[in-house]
Structures are given as C-alpha cells and as structure tokens.
Amino acid sequence: MSHSAASTQPHASILPTYARAPMTFVRGEGAYLYDESGADYLDFTAGIAVNVVGHAHPYLIEALTEQAQKLWHTSNLVRIPNQERLADRLVASTFADKVFFTNSGAEAIECAIKMTRKYHATNGAPERYRIITFEGAFHGRTLATIAAGGQAKYLEGFGPKVEGFDQVPFADFDAVKKMIGPETAGIMVEPLQGEGGVRTIEPAIMRSLRSLCDEHGLLLVLDEIQTGVGRTGRFFAYEHAGIAPDIMAIAKGIGGGFPVGACLATDTAAAGMTLGTHGTTFGGNPLAMAVANAVLDLVLAEDFLDHVNQMSLLAKQKLAGLVDSHPRVFKAVRGEGLLLGLECVAPNTDVVAAARTQHLLMPAAGDNVVRLLPPLNIKPEDIDRAVEALDQAASALEAAMPAEAK
Ligand SMILES: *Cc1c(COP(=O)(O)O)cnc(C)c1O
C-alpha cells in the first residue's frame, strides 16, 4: 500500500468521493502553497474562492489565536458578542436586516429555502413552497440543495428528489415567467454561476427577475456563496445590477478559510423564522466569528475592492492575449472581478493538469471552463506569473496535439 503524496489512489480509510490531485501541502503564504520538498505553487484555487486574503494572513492568524486562548465554543444557548457584531456589520453593509450563521454554504442555502417557504406559510399561503432555479446551478450537496441544483449526476441514486424545485434554462427570463404558478414561492439564483462555468446573469435580467418577484409576491433568493465578499469586485455581486434580494446565502470567502456561512434576509422575508423554527450547534461559534470579523476588517477597508477591480482588469487583458496566442487551447475569457474563467477548446481537465505541471493551481468548472480564483489581495506580479504558467501549459498541450489539429 502506498502512502506517497504522489498517489492518485484514494486513501483506503477515506470515502473515495473526490478526484484529488496527487499532491500534499504543508504550508501556505499569501498566494503560494508549499509542499514537503519546499516547492512553491501559485494558488489560483484559493480553497475554491475561500482564501480571500491568501494563506496564513498575519491579521487572521492573530484573530484566531487570540480567540483560541479565550473561548472556542459555547452553543447558541447563550449570547455570542462577536456573532452580534458580525451580524450588525453585515446588516450595515448589505440589504439585510437579519442574519443566521451556519458552518457551510449548503446549510446557508437550506436556511434560505426554509425561510422562503416559511414566509409564505406565515402569510397564509402554505401551498406556495416551490422555488424556481436555473440549469447549471450549484447550491450544495445536501438532499434539498442537490434538488435545487437539479444536476442529474448529483441526484442519481439518492432516492426521491426533494420536492419543490422547478428548473428553467440558464438566464431564460421568459421561461421563468412561464414557470410561475400558484405554488411558486421564490426564485433562487447565483448572479454568476461558479461551478456552472463562470456564467454571468446580465444585470438587466437580474433587474427583470427582481421586478417579476415584486409583481408576483415571490422572494428573490441569491446564492452568493462563491460570488460574495468582494470576489466579483463589489462586496456582493447583486450590487452590479443595482437591485437587492430578499434573502441571500453566503459562505466561502466570509471565513477566509475558517468554515462559516450565513443566511441574510430582510425583516419581511425573515418574519416567519421565529423562536425554535431553526437552529445549529456550531453555527456562529466564537472561533468562526472572530475570524470572520477579521476578514471583514480587511475586505471592507478602503481601497480593497479597488484593488480587486484593478487586478481584474489586468488579468482580463493578459488572459485575452493568451486566448489570441493559443486559439487551439483557449476560446474566451469570462467572469467578473477575480471570479474569472477561461473557456477552453482543449479539455479543461487537461488544462488544469498542464497548469499544475507549471506550478499553477486552478479548479475546473462546467461548460469546459477553467476558473481563476486568486486571493483578492493578489499582486500584479503573481498575475503575470499565472499567465506565464498558462502560456507554458498551453504550449505543452499544443505540442502534444496531432499535427492536423495544430
Ligand atoms: C460552494 C458553493 C455552495 C456549497 O457550499 P458548501 O460550503 O460546499 O456547502 C453552494 N452554492 C455555491 C454557488 C457555491 O459556490
């Protein structure tokens, strides 16, 4: 039995549900990960849009260790001052009036789904429980969130699909309109699909969805688990469209690497979530709250989002050049802020593997896209280095192509 870091076999005692890269890291610093031999890798996966200020940020280390020496966990049977503070800050900087803290994205979506149903039940319309979602959506891996995401490969073999989700083609406004019926409770959407292939919903369509919800008394539920916390160049992506949702699920970036999520809502949308209607043991615990408050200190600081937008512009320009010089590997640049994607001609998994050979880590996505998700405090020279690595990777893929395809 091999225990080598280079093994591609799943570890015997771990459920083999992941296709793990044959690599192990022992340390991280900023945008770089280091393996046991000391080799460095440029990390444009960032824990899948999680490490918003990179690895081992001194300010986050200080917040975590300081809290770790005082108090880790109490449960939500008592008040948690840092939870109240984080909720106040999220409320002050978004559309929301109320926050519920979770440990993950899927749990934040579960809360959003329950809240959407409860809203109508509380308003005397319990028959309104169905939620419209888009093809290509990803909302998590619990039973309800795989039903919401609607992807056959995630639903297969897990019994009856949780009732109450109606899916329409991606960004198809007319299909949404037609799907609305007497049982419809809301529309749930990622402003920019991450796993689905870095596909943006045009701001005009987002505004139309908002109007449609108002017209029919539906709740607009946003999944900003991947797009939130500065990733698209705004604090939250809905700001690009100049609209506000009724409910929003967040996670990933808000903990900077510590597992934390949240469901945000207006007072109106949250009105049914009264005493005893929902709960969690770990959600919003003191350790998570200390780190998330520290993340907000950094992300809400002046110039942070300006930097994201500058780096986005730089990356988009350089990636467009890459597409021009490697038309047999890359087709187009997609995305907003630092949630960027390269639509590939070659199989995206080959591009991911070739980039890894050049010590650049990046995740694949649907639609034959590779994602570029650097930490949001990425430096221009590291964007240069990533583009250089992709250039080398593309050249290597071209060299391996049959002559007629070159
Ligand atoms: C990652 C993600 C989720 C699920 O979050 P988990 O923390 O893995 O449960 C849901 N929606 C979107 C858009 C995501 O990117």
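1. Let's start with a sheet. In this predicted model, four strands make an open sheet with mixed pairing, and their order is β1-β2-β3-β15. The edges belong to β1 (27-29) and β15 (360-361), each of which pairs on one side only. If you are new to sheets, it helps to know that strands pair through backbone hydrogen bonds, either parallel or antiparallel.

2. Now zoom in on one pair from that sheet. Strand β2 covers residues 32-34 and strand β3 covers residues 40-43; the two are antiparallel, with three bridges between them. One place to look is Tyr34, whose bridge partner in β3 is Asp40.

3. What lies across β2, β3 and β15? The answer is helix α12, residues 380-399, and the helix runs at about 100° to β3. Keep α12 in mind, as the helix comes up again in point 6 for its share of a cavity lining.

4. There is another open sheet worth finding. This one also has four strands, ordered β13-β14-β17-β16, and here the pairing is antiparallel. Its edge strands are β13 (330-336) and β16 (364-365), and each pairs on one side only. Between β13 and strand β14 (residues 339-344), which run antiparallel, there are six bridges. Glu336 is a handy landmark: its bridge partner in β14 is Leu339.

5. This sheet has a helix across it as well. α10 lies over β13, β14 and β17 (369-372), and its direction makes an angle of about 170° with β13. Like α12, α10 (304-325) supplies at least two residues of the lining of the largest cavity.

6. On to the empty space inside. How many cavities of 30 Å³ or more does a search of the whole structure find? It finds three, and the largest holds about 50 Å³ of space. Around that largest cavity you will see Phe44, Ala315, Leu319, Leu338, Leu340, Leu372, Pro374, Ile383, Ala386 and Val387. The lining is ten nonpolar residues, with no polar and no charged ones. α12 gives the most to this lining, namely three residues.

7. Pockets are open, so they are a separate matter from cavities. The second largest pocket contains about 810 Å³ of space. It is lined by 32 residues, and the closest to its centre are Gln83, Lys98, Val99, Phe100 and Met273. Which elements give two or more residues to this lining? They are α3, β4 (98-102), α4 (105-122) and β12 (261-265).

8. A bit more on that pocket. α3 provides the largest share of the lining, with five residues. By class, the lining of the second largest pocket is a mixture: 17 residues are nonpolar, nine are polar and six are charged. Contrast that with the largest cavity, where no polar or charged residue appears in the lining.

9. Finally, have a look at Trp72. It sits in the loop between α2 (58-68) and α3 (81-92). Is Trp72 buried or exposed? Its relative accessible area is 54%, and because exposed means over 50%, Trp72 counts as exposed.

10. Trp72 still has company, though. Leaving aside residues up to four places away in sequence, Trp72 touches Gln67, Asn285, Pro286 and Leu287. The C-alpha atoms of Trp72 and Ala288 are separated by 8.7 Å, while along the chain these residues are 216 residues apart.

Note on methods: Residues are numbered from 1 along each chain as its sequence is written. This is a predicted model: local features need pLDDT of at least 70, side-chain atom pairs count only at pLDDT 80 or more; totals for chains, interfaces and linings use all residues. Side-chain values use heavy atoms; hydrogens and water are left out. Two strands pair if DSSP finds at least two bridges between them. Contact means heavy atoms within 4.5 Å. Axes are lines fitted to C-alpha atoms, for helices over the stretch in contact, and angles run from 0 to 180 degrees between N-to-C directions. On a 1 Å grid over the protein atoms alone, a cavity is a set of points where a 1.4 Å probe fits but cannot get out, and a pocket is an open set with protein on both sides within 12 Å along at least five of seven lines; lining residues have an atom within 4 Å of a point. Grid points are joined across faces, edges and corners, and a volume is the space filled by probe spheres set on the points. Ala, Val, Leu, Ile, Met, Phe, Trp, Tyr, Cys and Pro count as nonpolar, Asp, Glu, Lys and Arg as charged, and the others, Gly among them, as polar. Buried means under 20% relative accessible area, exposed over 50%, partly exposed in between (1.4 Å probe, protein chains only).
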